[in-house]
Structures are given as C-alpha cells and as structure tokens.
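This report describes one protein model, from its sheet to its overall dimensions. The reader is invited to consult the sequence and the structure shown below.

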Amino acid sequence: MQCILYNPFNLTNEIFIFEYGSHFEQNIKEVPFLEQALYFLNRLYESGEMKATQKGNLPKFFIMELYQKFFSKKKNFITPHKEDDLPEAKRLKYILNMAGLIKKRKNKFYLTQKGESLIKDKKIKELFDNLILTFFKKWNWGVLDGYSELSLIQASVVFNIYLLNKKAKNWISGEELGGVFLKAFPPLVFDVNKGSYFDPKTEIINCFNVRFLERVCLPLGLLIRKSENRSIKRKNYYKLSPFFKQHFKFTD
C-alpha cells in the first residue's frame, strides 16, 4: 500500500502494466477524451491558430463544434453558448495546456512544438500516454466540486484501478464501489469538513463517484455506465470496458 500511495504514478507499476498492443489505434473511439483531444489538436494543426474570446476562453463557434460532434446526442446536455456552458470543453483546454500540447499567446491558441509533432507524425500512443499521465498526476480532480479536499482519492489512483479490476467485472453500483474504497481507507472520514452537507461516509462515497468514476474513468474509457431511475434519485452502475480489459494487465 505504501508503494501505491507514495511512488510517483506510472502506467507500469507493481500492480498493473498498461499494454498498448497492436490494436490500440483502432480503439480510439472507446476513449472519449482522446477522441476529443485529437479533434481539438487536429483543428489547430489545420488552422494554425484559434482566436480566443476577450476572457481568453475558447470561441463560441468551436464550443458548438465540440457540442455537435461529441455531446448533442447525450442526455442531460443543454446546447452551450460559451465555454462555461460546456465543462468538458474547459477540461479539455486545461489538460491539453497542462500536457504541453497547446499554448495561448496574444489571446490566440496555438499548438506547441510538442503538440504539432505528435499530430504531424500521428503518434497516437505517445499522445495517450501524455494525456493519461496529465489526468492522473497534474489535473486536480476535485476542482469546483464542492466536496472536502479528500486528496487521497486522487493519490490512490493505482489502488482505485486495482479496485475496478476486482469489483467491476460485472455491473456494480457506484455506491458499492465507493464503499469498498472507504473500507480500504477508513481514517478518511476525519478529513471531511465539519458542517458538510453529508455525513462523512456518504460524502466520501459521493466524492469517489464524482471524481474518479465520472470525471476520470468515463472520459478515459475505463468503464461503461448504465443508469436506473429510482423514485427521485438516479442510481448509476458501472462495468469494466473492453478497452480496460484489453490494455490493463494485472500482476496478480
């Protein structure tokens, strides 16, 4: 457990190895975030630049492009009019910038030399490696979610992926997965802010669902989800995706 929590994250570790294999590039559509990143990077490669709004955000026409291509047919998505209306676009912009693939200069977006090289030479595996490491090591999963800090949820990503392999081979509820996580780290209840809207256990389980299952696993194609409406509450169930099963190889 100490190695899981305190060693720098890597796709090759003591718990699992991520194997690209010969069919990886055929599986791009199984990884929504990678597909969105490729669209954005190729768009910049073709146009050379993209003018930002006065606030420095992505322009309305590109927000609409992203919406029409990736989100318009999905439930619970409202037609956006600006970047703030489509959090997925904001996340995409921030992570591509953190990964060193895009930059903004004089209120215009450009590809970096690194981003241009990856797109020009179609280095899809290297691009994914860059993006997933940025997702796990640099991007703050808890940005603006209203929960307590609970940084262990992100620091334990290797364990979390191991947990999925053990518990999500068949459909399992998010509450149950979150409960297993909490059982592994019971002292985490003391890190919940006093006066929280939820009791500590419920907050940790909800936070695990939002930050790891929804904000990481679904965009990276690690899980598939189905939902059931029960009374006024929707219950989500998750299962390992074919992408996860094909590329994550565990040591046990």
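Which residue stands opposite lysine 108 in strand 4? Arginine 105 occupies that position. The model in which this pairing appears is predicted.

## The three-stranded sheet

Strands 2, 4 and 3 form an open sheet in the order 2-4-3, and their pairing is antiparallel. Its edges are strand 2, residues 50–51, and strand 3, residues 102–105, each of which pairs on one side only. Strands of a sheet pair through backbone hydrogen bonds, in either a parallel or an antiparallel manner.

On one side, strand 4 (residues 108–111) is joined to strand 2 by two bridges, with the two strands running antiparallel. Lysine 51 has lysine 108 of strand 4 as its bridge partner, while methionine 50 stands opposite phenylalanine 109 in strand 4. Between strand 3 and strand 4 there are four bridges, and this pair also runs antiparallel. Here phenylalanine 109 of strand 4 is the bridge partner of lysine 104, and arginine 105 stands opposite lysine 108 of strand 4.

## The hairpin of strands 3 and 4

Strand 3 and strand 4 form a hairpin with two residues between the strands. Within this hairpin, lysine 106 takes a positive phi near 55 degrees.

## Helix 5 and its surroundings

Helix 5 spans residues 113–120, and its residues Gly115, Leu118 and Ile119 are buried. These three lie on the same side of helix 5, because the arc they cover around the axis is only 95 degrees. Exposed residues Gln113 and Lys120 are carried by the face of helix 5 that is turned away from its buried side.

What do the buried residues of helix 5 pack against? Their partners are helix 2 (32–47), strand 4 and helix 6 (124–137). Strand 4 thus takes part both in the packing with helix 5 and in the sheet of order 2-4-3. Just after helix 5, lysine 122 takes a positive phi of about 55 degrees.

## The loop at asparagine 13

Asparagine 13 is located in the loop between helix 1 (2–6) and strand 1 (16–18). Two backbone nitrogens are reached by the side chain of this residue. A polar atom of the asparagine 13 side chain lies 2.8 Å from the backbone nitrogen of isoleucine 15. The distance from the side chain of asparagine 13 to the backbone nitrogen of phenylalanine 16 is 2.9 Å.

## Overall architecture

How many helices and strands does the secondary structure of the protein comprise? There are eleven helices and eight strands. The protein is as compact as a globular protein of its length, because its radius of gyration of 19 Å is close to the 18 Å that the globule rule gives for 252 residues. Taken along the principal axes, the box filled by the C-alpha atoms is roughly 50 × 40 × 30 Å.

Of the 252 residues in the protein, 46% are buried. Among contacts with a separation of 6 or more, 65% are accounted for by residues 24 or more positions apart. The exposed area of the protein is about 13,800 Å², of which carbon and sulfur atoms supply 51%.

Methods:
Residues numbered from 1 in each chain as written. Predicted model: local features only at pLDDT ≥ 70, side-chain atom pairs only at ≥ 80, totals over all residues. Heavy atoms only, no water. Pairing = 2+ DSSP bridges. Polar contact = N/O pair within 3.5 Å; in protein donor to acceptor, adjacent residues only side chain to side chain. Rg over C-alpha atoms; globule rule 2.2 N^0.38 Å. Buried < 20%, exposed > 50% of the residue type's maximum accessible area, 1.4 Å probe, protein only. Contact = heavy atoms within 4.5 Å. Areas by Shrake-Rupley, 256 points an atom, 1.4 Å probe, with all protein chains shown as cover. Arc of directions from axis to C-beta.
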